[in-house]
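Visitor: I am new to structures like this one. Could you walk me through how to read it?
Guide: Gladly! Let us look at it together.

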2 protein chains.
Amino acid sequence: MVLTTEIVNDFKNFIKKKGLKYTSEREEILKEILKSKDHFDVDELYMKLRKKGSKVSKASVYRTIPLLVEAGYIQEVYKQDARSYYELTLDKLPHIHFICVKCKNVDEIIDKYLAELIQKEAKNKDYTPLTYHLEIFGICSNCKRRV
Amino acid sequence: MVLTTEIVNDFKNFIKKKGLKYTSEREEILKEILKSKDHFDVDELYMKLRKKGSKVSKASVYRTIPLLVEAGYIQEVYKQDARSYYELTLDKLPHIHFICVKCKNVDEIIDKYLAELIQKEAKNKDYTPLTYHLEIFGICSNCKRRV
DNA sequence: TATATTTTGAAAATAAATCTCAAATTTTAT
DNA sequence: ATAAAATTTGAGATTTATTTTCAAAATATA
Ligand SMILES: [Mn+2]
Ligand SMILES: [Mn+2]
Ligand SMILES: [Zn+2]
Ligand SMILES: [Zn+2]
């Protein structure tokens with residue numbers, strides 16, 4: 001577990017180092033994302049902020065996300081219905097996403113051999129891996145039962 | 001190597017079995033796709049058809065693709081810049097896509113342990129896998145050299 | 001405090017994918 | 001072969017996530 005205040009401070013330094021200005025909107029968005037437990041899209045995040053009384057615009061949410069990706073706090077994990085979903089990178093091991101094509105539920109699986117496999121293939125191609133997605137589309141056990 | 005005429009005939013049967021009508025547009029689109037050697041999006045496919053003098057509309061291309069996916073001839077392999085890319089499933093082993101974030105080049109890697117890993121995890125979750133994508137984003141060897 | 005620079009919100013623009021609907025085509029029935 | 005029924009087509013309109021525009025507001029610097 002990493003402290004929110006510490007992350008917020010690191011982000012401030014990241015922003016400053018890039019010659020950008022540290023704004024309350026950027027901080028609000030980061031703090032809200034740090035509370036997320038699973039996958040989110042821009043609209044969900046924006047709605048959560050509004051419900052708390054925040055006045056941030058959707059445009060600012062869209063503009064802040066690439067900064068948080070670059071800073072390494074979040075990652076785009078998959079796209080569904082032409083929408084991008086993100087998740088916190090912190091405290092998380094790289095994992096597989098099982099996406100049920102019936103109910104759209106997304107399940108996470110940690111496989112300890114996956115990272116090795118990727119490192120091996122990347123080295124073989126002289127490729128520097130940054131991030132990866134393994135998405136498996138199929139039918140979940142719930143949906144198999146109720147046919 | 002599978003014969004085009006044989007595939008075209010199978011597709012005709014597939015369409016008929018679904019109670020749909022077999023049209024010259026659907027056949028044209030399938031034949032063009034069968035010539036593809038790598039990944040394509042709807043626009044590229046549509047442009048190739050038009051250059052050959054075909055009169056098919058983009059709407060028909062969009063409408064035929066899900067049929068070809070359902071029939072198992074093609075697969076959506078990744079999304080880039082809000083666009084879906086497809087490839088022929090025929091004669092191809094499941095593979096990894098290395099996507100260079102600098103030059104956008106996509107490289108294919110066949111890993112013989114990947115399919116096993118997926119089967120193992122799916123069985124563990126009582127999940128029926130249909131398709132999967134493993135995309136690795138990073139920097140390719142070419143782009144590493146010219147910094 | 002004044003100045004320069006960046007960021008913001010609101011609304012317009014963009015673009016891939018989907019939808020609409022009358023005309024054309026395919027299939028089935030006669 | 002011909003007619004009727006059903007589906008598909010092309011063209012353009014619509015949808016919707018994301019990006020862009022730009023004047024006003026906020027931030028950083030002097
Ligand atoms: Mn996840
Ligand atoms: Mn491929
Ligand atoms: Zn399900
Ligand atoms: Zn490259």
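**Metal sites and a DNA strand**

Guide: Let us start with B:Glu87, which is buried, with a relative accessible area of 4%. Please keep in mind that this is a predicted model.

Visitor: Which residues coordinate the manganese ion (ligand 2)?
Guide: To read a metal site, look for the atoms that hold the ion. For the manganese ion (ligand 2) these are B:His39 (NE2), B:Glu87 (OE), B:His95 (NE2), B:His97 (NE2) and B:Glu108 (OE), at 2.0 to 2.3 Å. So B:Glu87, the buried residue we began with, is one of the donors. B:His97 counts as buried too, because its relative accessibility is 3%, and the cut-off for buried is under 20%.

Visitor: How are the donors of the manganese ion (ligand 2) spaced along the chain?
Guide: Their spacing is H-x47-E-x7-H-x1-H-x10-E. One pair links distant parts of the chain: B:Glu87 belongs to strand β2 (residues 83-88) of chain B, and B:His97, 10 residues apart from it, belongs to strand β3 (residues 96-100) of chain B.

Visitor: What is the geometry at the zinc ion (ligand 4)?
Guide: A useful yardstick comes before the case: ideal angles for four tetrahedral donors are 109.5 degrees. Here the 4 donor atoms make angles of 104 to 114 degrees, and the site of the zinc ion (ligand 4) is tetrahedral. The donors are the SG atoms of B:Cys100, B:Cys103, B:Cys140 and B:Cys143, at 2.2 to 2.4 Å. Along the sequence they follow the pattern C-x2-C-x36-C-x2-C.

Visitor: Is B:Cys140 buried or exposed?
Guide: B:Cys140 is buried, with a relative accessible area of 9%. B:Cys143 is buried as well, at 11%.

Visitor: Which residues are closest to DNA strand D?
Guide: With DNA, ask who surrounds the strand, and which part of the strand they meet. DNA strand D is surrounded by 20 residues, the closest being A:Tyr62, B:Lys21, B:Ser57, B:Ser60 and B:Arg63. Of the strand's atoms that come within 4 Å of the protein, 71% are sugar and phosphate. The surrounding residues divide into 7 nonpolar, 4 polar and 9 charged.

Visitor: Where do polar atoms of the protein meet DNA strand D?
Guide: A side-chain N or O atom of B:Ser60 is 2.3 Å from a phosphate oxygen, and a polar backbone atom of B:Lys55 is 3.1 Å from a phosphate oxygen. A:Lys21 reaches a base oxygen instead, with a side-chain N or O atom 2.8 Å away. The elements giving two or more residues to this surface are α4 (58-71) and β2 (83-88) of chain A, with α2 (24-34) and α4 (58-71) of chain B.

Methods: Residues are numbered from 1 along each chain as its sequence is written. Chains are lettered from A and ligands numbered from 1 in the order in which they are written. This is a predicted model: local features need pLDDT of at least 70, side-chain atom pairs count only at pLDDT 80 or more; totals for chains, interfaces and linings use all residues. Side-chain values use heavy atoms; hydrogens and water are left out. A residue is near a molecule or strand if one of its heavy atoms lies within 4 Å of it. A polar contact is a pair of N or O atoms within 3.5 Å; within protein, one must be able to donate a hydrogen and the other to accept it, and residues adjacent in sequence count only if both atoms are side-chain atoms. Helices (H or I, at least four residues) and strands (E, at least two) are DSSP runs, numbered from the N terminus. Ala, Val, Leu, Ile, Met, Phe, Trp, Tyr, Cys and Pro count as nonpolar, Asp, Glu, Lys and Arg as charged, and the others, Gly among them, as polar. Donors are N, O and S atoms within 2.8 Å of the metal (3.2 Å for Na, K and Ca); water is not among the atoms, so sites may look incomplete. Four donors count as tetrahedral if all angles lie between 85 and 135 degrees; four count as square planar and six as octahedral if opposite donors are over 155 degrees apart and all others between 65 and 115; anything else is irregular. Buried means under 20% relative accessible area, exposed over 50%, partly exposed in between (1.4 Å probe, protein chains only).
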